[in-house]
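Here are my notes from a pass through this one, written as numbered points. Have the structure open while you read.

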Amino acid sequence: MALLLARQILLPTHLVIHLHQLPMEPASWRTYQTLTRGGGFFSVEMFGRFLVEDVKLKQHQPFKVGHFCTSHQPERLRWEASTHAVLLRKLEIALTNHQAETPTKVVLSLARAQMPVPASTILRVMLERGISSPLDILLLIILHMVKTEIGTCLASNLLVQICGLFSQEKSNRPKVVRPDTLLFNLVLDACVRHKFCLKGLQVVELMSQTGVVADVHTINIIAQIYEMNGQRDELKKFKYYIDRVSTAFVFHYQHFYDNLLKLHFKFDDIDAATELVLDIHRIQVPLSNQYPVGNLQKPYFVPIGSHNLRFGMKLQIMPELLQKDSILKMDHKQELILRKNGKLFVSDKGLAKLINGLRRQGKIIELSKLLHVMCKDYHKQRAYSLCSDVIDACIHVGWLEAAHDILEDMETFEASLDSNTYMALLKAYYSKQMMKEAEVLLRQMRKSGLFSNGSDEMVASTCLSKAAGEESLLSSSSKSDLADHLLREMDEQMPIPPVIYELNSSIYFFCKAQMLSDALRTYRRMQKMKIQFTTQTFAYLIFAYSSMGKYREITILWGDMKKNMKSGNLEMSRDLYELLLLSFIRGGYFERVMEVIDQMKEQGMYTDKGMYRAEFLKLHKHLYKSLKASEARTEVQKYRLEHVKTFRRWVGID
């Protein structure tokens, strides 16, 4: 059995190195002789020292291990023995005797050396043998693995395997540690960093199935995953609880509010974006009774998928659980919601998006109301600055009518503004020869106590003399960052039309509710309307079909996907290819399997052979194992046999 298990370990070719051929200092040579004499334990540090440099070029080349002795007693190894033989002998003994310690050290050393492929291979064999690493060591292994894209791919798949083993009934469950919140956070955060948006969704569902509680970090990372996938409805389910955290705790949810606001803009829901900015402001106002604070240090359940599913998944969250000793450092960039002095506020970019959207929809009054509410609760000096900045920005981009409307609304709300704001608009009117508008503004200024003395001609002459020599309106006063962002917003086009997000959300809802006929009706509607598909469109359908064992339907989807790729309307991701591969392996469509593998090779995408190998052995272990091509009964069987054999060779079974 030990021989069979050891042969499952795939190690890189660089391990076939003889230590006696390497240059060593005298002290290192004596250490080497001591370590390799009498079968003593091989130093993980020495292993790393000798092999790290070589692995950088060769870590993805599989090496099949053979020639193992099944004796349980360690045997004396000659001093000429290679690192390869020493290491594998120790692994064999440890696996046979169910020791966690030696293989765990090797895995940790490999992970530290940024060798995630052999590290994951050994870890998988350990899991299959029921050899469980302590949780703190497993965390360190994952921490090192997720530093790279390939490591993140492997770490997330290992987490899937660990959760699968843990979810088995206790009578059949091998010895495996239960993943905790920090382990999930490490993998989820890496999925965000490396743009594994679909894998991130799968890990969130795993967290729900395993019963692990989501803390502050988890919720913020989930917000980023939902934003990447355009899942606004899913993220809104968390808002009820987040809005009710204590005032001193609000700033921890900068990522959450930032991503929810991004989603409102993606859906072109300017009303919802305006309301969210108001909400963020209200929950930070002292003594506010708008959102009563509850006991948020106990678990609450947030549904995943449809609200109406009786037996749907639910994620446990504790909105005020913050692990202060967490090794997770979230450094993802925030764009719309910023944090300063423990408070959250909308950035110039976020405000520019809001101004542009409200003006485009003819809702300047809503912008004025927002500014008024924020100005009421802030210090007066800051209020003047905010309102004046918005009006000045509108003047700079040439929206004089909008600037005047906001100014009038502020007067209606009895909010006083600085005289410079009036003067900037008045100069803009005179510069553009808009005399009627200038007269109206001048009357307002006199009514407000500005320019109570002097004729209109004198005021106009003063304004024009101040504007003399200026090249343009934009140089009449210092252009603010808000004006810069507003100019960019005017020119920016939405990369994905909002209707696609809406339709994808509908497909996701129907798929989670197992209402596939409605999901397909929405999908066909997108086809007829010639609306661009995204990776999420197909992923949601594949998730649903796969969960119901309808793999043939996925082959039809694959045909549609290839058509869209050929026409340049669909950009495939590694996540989506992985979903297809697993589905085709489970359904036994090996021609499609090899087709997907070839496309991934062409695009230089990494494939986790260990996972696909395990899936094949679990479902098709004896498929065509002994059948020869000459024994095939039909051409179809012969053709299928060829693809199965090719796949077996590819994953290293044959």
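Which residues have the most contacts inside the largest nonpolar core?

1. Phe 238, Phe 256, Tyr 257 and Phe 647 do, in a core of 185 residues. Bear in mind that this is a predicted model. The chain runs to 654 residues, of which 53% count as buried. It holds 30 helices and 4 strands. As for the contacts between residues at least 6 apart in sequence, 71% join residues at least 24 apart.

2. Tyr 257 is a good place to begin clicking. Leaving out residues up to four places away in sequence, Tyr 257 touches Ile 242, Asp 243, Val 250, Leu 276, Ile 280, Ile 283, Ile 337 and Leu 344. One of these, Ile 242, is also among the buried residues of α12.

3. On to α12 itself, which spans residues 232-242 and is mostly covered, with 8 of its 11 residues buried. The buried set includes Leu 235, Phe 238, Tyr 241 and Ile 242, but also the charged Arg 232, Glu 234, Lys 237 and Lys 239. What lies over them? The cover includes the helices α11, α13, α14 (270-282) and α23, along with strands β1 (300-304) and β2 (313-317). Phe 238 deserves a second look, as it is both buried in α12 and one of the residues with the most contacts inside the largest nonpolar core.

4. Three glutamines are worth checking, and Gln 284 comes up here in the loop between α14 and β1. Is Gln 284 buried or exposed? Its relative accessibility is 8%, so Gln 284 counts as buried, the cut-off being under 20%. The side chain of Gln 284 reaches the backbone nitrogen of Leu 344 at 2.6 Å. Beyond its neighbours within four places in sequence, Gln 284 is in contact with Thr 247, Val 250, Lys 343 and Leu 344. Val 250 and Leu 344 also turn up among the residues that Tyr 257 touches.

5. Next is Gln 334, in the loop between β2 and β3. Gln 334 has 18% relative accessibility and therefore counts as buried, given a cut-off of under 20%. Outside its neighbours within four places in sequence, the contacts of Gln 334 are Gln 254, His 255 and Asp 258. The C-alpha atoms of Gln 334 and Ser 347 are separated by 9.4 Å, with their positions 13 residues apart along the chain.

6. Gln 316 sits in a strand, β2. A polar atom of the Gln 316 side chain lies 3.4 Å from the backbone oxygen of Gly 211. Setting aside neighbours within four places in sequence, Gln 316 is in contact with Gly 211, Val 212, Val 213, Ala 214, Pro 299, Tyr 300 and Phe 301.

7. Two backbone angles to look at. Most residues other than glycine have a negative phi. Asn 341, which is not a glycine, has a positive phi of about 55°, and Gln 514 likewise has a positive phi of about 55°. Where do they sit? Asn 341 is in the loop between β3 (337-340) and β4 (343-346), while Gln 514 is in the loop between α23 and α24 (516-528). Asn 341 is exposed, at 72% relative accessible area, and Gln 514 is exposed too, at 54%.

8. Now the second largest pocket, which encloses about 690 Å³ of space. It is lined by 28 residues, and those closest to its centre are Lys 266, Lys 353, Glu 492, Met 494 and Pro 495. Two or more lining residues come from each of α11 (216-229), α13 (254-266), α15 (348-360), α22 (481-491) and α23 (498-512). Which element gives the most? That is α15, with 5 residues. By type, the lining divides into 10 nonpolar, 8 polar and 10 charged residues.

9. Last, Cys 394 in helix α17 (residues 380-396). Cys 394 has a relative accessible area of 1%, so it is buried. Apart from neighbours within four places in sequence, Cys 394 is in contact with Ile 355, Trp 399, Leu 400, Ala 403, Ile 406 and Leu 486. The C-alpha atoms of Cys 394 and Leu 482 are separated by 9.3 Å, although the two are 88 residues apart along the chain.

Conventions
Residues numbered from 1 in each chain as written. Predicted model: local features only at pLDDT ≥ 70, side-chain atom pairs only at ≥ 80, totals over all residues. Heavy atoms only, no water. 1 Å grid on protein atoms, 1.4 Å probe; cavity = no way out; pocket = protein on both sides within 12 Å on 5 of 7 lines; lining within 4 Å. Points joined across faces, edges and corners; volume = space filled by probe spheres on them. Buried < 20%, exposed > 50% of the residue type's maximum accessible area, 1.4 Å probe, protein only. Contact = heavy atoms within 4.5 Å. Polar contact = N/O pair within 3.5 Å; in protein donor to acceptor, adjacent residues only side chain to side chain. Core = buried A, V, L, I, M, F, W, Y, C linked by side-chain atoms within 4.5 Å.
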